[in-house]
Amino acid sequence: MLQFSHWKTTIVLLVCLLGLVYAAPNLMTGDYSDDVPNFAPGKKVSLGLDLQGGSYLLLRVELDVVIEERLEGITSAVRQVLRKADIGYRGLGVEKGAVRLMIRKPEDVDKARDLLKVLDPQTIVEIDAAGEASVTLTEQAKIDARSAAVQQSIEIVRRRIDETGVREPTIQSQGDDRILLQLPGVDDPERIKALLGQTAKMTFRLVDITGSLANALAGRVPPGAQLLEAANPEPGEQSHYIVRRRVEVSGENLVDSQPTFQDGQPVVSFRFDTVGSKRFAQTSTANVSRPFAIVLDNKVISAPVIREPILGGSGIISGNFTARSANDLALLLRAGALPAPLVVLEERTVGPGLGADSIEAGKLASVIGLVLVLVFMVIAYGLFGVFANIALFFNITLLIGALSALQATLTLPGIAGIVLTVGMAVDANVLIFERIREEVLLGRTPMSAIDAGYKRALTTIIDSNLTTLFAAMFLFSFGAGPIKGFAVTLAIGILTSLFTAIMVTRFLVVLWLRRRRPNVVPI
C-alpha cells in the first residue's frame with residue numbers, strides 16, 4: 001500500500017487540478033457559462049428554485065380534448081367512407097364520447113357495418129337493425145392517447161421553456177394528467193403562463209367570400225365553413241371572418257419561424273417543409289386575389305390577400321404585433337403545438353429573499369461543520385490530521401467541481417448533502433488512523449504499521465461507502481425534487497471522499513515517509 005508509482009501520482013495531481021479548475025468559477029462574479037462549451041470549465045453550480053427564487057406551476061392536460069379530436073378525425077373518416085360507398089346517412093357527429101349516425105336505408109346496414117369495422121382497429125362499432133350506429137374508442141386506445149398526449153405536452157412545454165432562456169427548469173409528469181414546472185430565476189410568471197396557455201395550433205385556410213358575414217353573425221353559416229373571431233382587431237377592422245373548414249396547409253409543416261420587421265412593423269417570418277411548401281404553392285397559385293386566413297387556436301391573426309403565387313415555401317405573418325408578441329408567436333410556432341390545452345391548477349412564487357436566507361444558512365452550517373471537523377482531526381491525529389484536512393479541502397473542491405461540470409441543480413437539501421459529506425469525508429481517514437494506532441501498539445515499525453493500517457482498513461472503508469452509495473442511488477431513483485438533489489450531492493460526495501481518503505491522503509503520507517523516514521508515528 002505504500003508503493004506509489006508515477007502514474008498514480010500523475011492521476012492524483014491531475015484529478016485535483018481538474019477539481020480546482022472546474023470549482024474556481026464559483027468564486028468569481030458574473031456568468032460566463034454561455035461563452036464556453038458544455039464540457040469546458042467556466043460554468044457555475046446551478047441554483048434550484050428554493051435558493052434562487054422563481055416560479056412553481058402545476059398544470060393539468062385537458063385530456064378530454066384529445067379524445068374529442070380523435071373522435072372528430074374518425075367522424076371525417078366515416079363521412080368519406082360512406083360517401084365513397086354511396087351509403088346514405090344522417091345525424092353524423094360526436095355525442096357523449098362516441099361518433100353517432102343513422103343509416104338511412106335498412107339494406108345498407110350490413111354493408112356499413114363491414115366498412116366501419118375495418119376503418120380503425122382501435123374502435124368498437126355497434127349498429128342495430130334500425131340503422132342507428134355508434135363508433136367508440138377502445139379503453140386501451142383511450143389510455144394510449146392520453147399517455148401520448150401527456151408525454152407530448154411535456155416535450156412541447158420543455159421546448160417553449162427552453163426558448164425563453166430559463167436555465168435548469170424542472171419539468172416532469174405528476175399523476176396521469178398533470179405536469180409540474182419549477183422555473184428558477186423566473187420573475188415574470190405571467191408571460192410563462194401566457195406561453196403555455198396557448199395550444200398554438202396553426203392552420204392556413206381560405207376565407208369564404210361567398211357567404212354573408214351578417215348572416216353568419218346571425219347564426220346562418222354556409223356549409224363547410226365556420227365563423228371565427230379576429231385576434232386583437234384594431235378599431236374599424238373586421239372582427240370576424242367566415243373561414244373554410246378545410247385546412248389547406250397545417251402548422252405541423254412549419255420548420256422555422258422568426259420575429260422580424262417589415263416596413264418598420266414587427267412581423268413573423270415562417271418557412272415550410274417540402275410537403276408544406278408544395279401545398280402552399282398549389283393553394284396560392286389556384287387562389288390568386290383571394291384572402292387567405294392564418295388561424296391560430298381558432299382565431300384569425302391575419303387574412304392577407306394572395307397577390308401572386310408563393311412558390312418559395314416561406315412567408316410573413318403580419319398583424320397588430322408588438323416586438324414581444326411577435327417574438328412569443330415565433331417561439332410558439334418553433335416549439336410546436338400542444339396536443340391539448342393546459343390549465344394552471346396551482347401557482348407559487350418563491351422570492352429571492354428566501355433563497356438568499358437559505359444560502360446564508362447553508363453557508364453557516366457548512367463553515368461550522370468544516371471548522372469543527374478540521375479542529376478535531378488536528379487534535380486527535382496531529383500531523384496525520386493535517387494530511388486528512390488537506391484531503392478534505394480537495395474533497396470539497398472535487399465535489400463543487402463535479403456539480404459545476406455536470407450542471408447539477410443545487411437545492412437546500414443538496415446543501416444538506418454537502419454538509420453531511422464534510423462530516424463523512426474524514427470517516428475513512430479515521431478508520432485508517434485508528435488501525436495504524438492499533439498496529440503501533442502491537443509493536444510494529446512505523447512503515448509496517450502504516451502499511452498494515454491501510455491494507456486492513458481498506459475493505460471496511462469500501463463496504464461502508466458502498467452501502468451509503470446504494471442508499472443514495474435508491475433515493476435518486478424513487479425520490480422526487482428535493483430528495484433527488486440530496487441524493488446527487490451525497491453520491492458525488494461519497495465518490496470524492498473515497499478518492500481523497502484512499503489516494504490523496506495516502507499520497508501525502510507516502511511522500512512524508514519517503515522524505516523523513518521517521519522512527520515514531522506522530523499520531
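Colleague: Does Ile462 count as buried, partly exposed or exposed, and why?

Modeller: Keep in mind that this is a predicted model. Ile462 sits in helix α14, which covers residues 446-478. Buried would need under 20% relative accessible area and exposed over 50%. Ile462 has 36% relative accessibility, so it counts as partly exposed.

Colleague: Which residues make the nonpolar surface patch of about 640 Å²?

Modeller: We've already met one of them, Ile462 of α14. That residue shares the patch of about 640 Å² with others, and the full list is Ile462, Leu466, Phe470, Met473, Phe474 and Phe478.

Colleague: Over to strand β5, then. Which of its side chains point to one face and are buried?

Modeller: In a regular strand the side chains alternate between the two faces of the sheet. β5, residues 123-127, follows that pattern: Ile124 and Glu126 point to one face and aren't buried. On the other face, the buried ones are Thr123, Val125 and Ile127.

Colleague: What is the bridge partner of Val125 in β6?

Modeller: β5 pairs with β6 (residues 132-137) in the antiparallel sense, over five bridges. The two strands form a hairpin with four residues between them, and Gly131 in the turn has a positive phi of about 95°. Across in β6, the partner of Val125 is Val135.

Colleague: And helix α3: how far does it reach from its first C-alpha to its last?

Modeller: α3 runs over residues 63-84, so 22 residues at 1.5 Å a residue give an expected span of 32 Å. Just after the helix, Asp86 takes a positive phi of about 60°. The reach of α3 itself is close to the expected span, at 32 Å.

Technical notes:
Residues numbered from 1 in each chain as written. Predicted model: local features only at pLDDT ≥ 70, side-chain atom pairs only at ≥ 80, totals over all residues. Heavy atoms only, no water. Patch = residues over 30% accessible without salt bridge, like charges linked within 9 Å, V, L, I, M, F, W, Y side chains within 5 Å. Areas by Shrake-Rupley, 256 points an atom, 1.4 Å probe, with all protein chains shown as cover. Salt bridge = Lys/Arg side-chain N within 4 Å of Asp/Glu carboxyl O. Buried < 20%, exposed > 50% of the residue type's maximum accessible area, 1.4 Å probe, protein only. Pairing = 2+ DSSP bridges.
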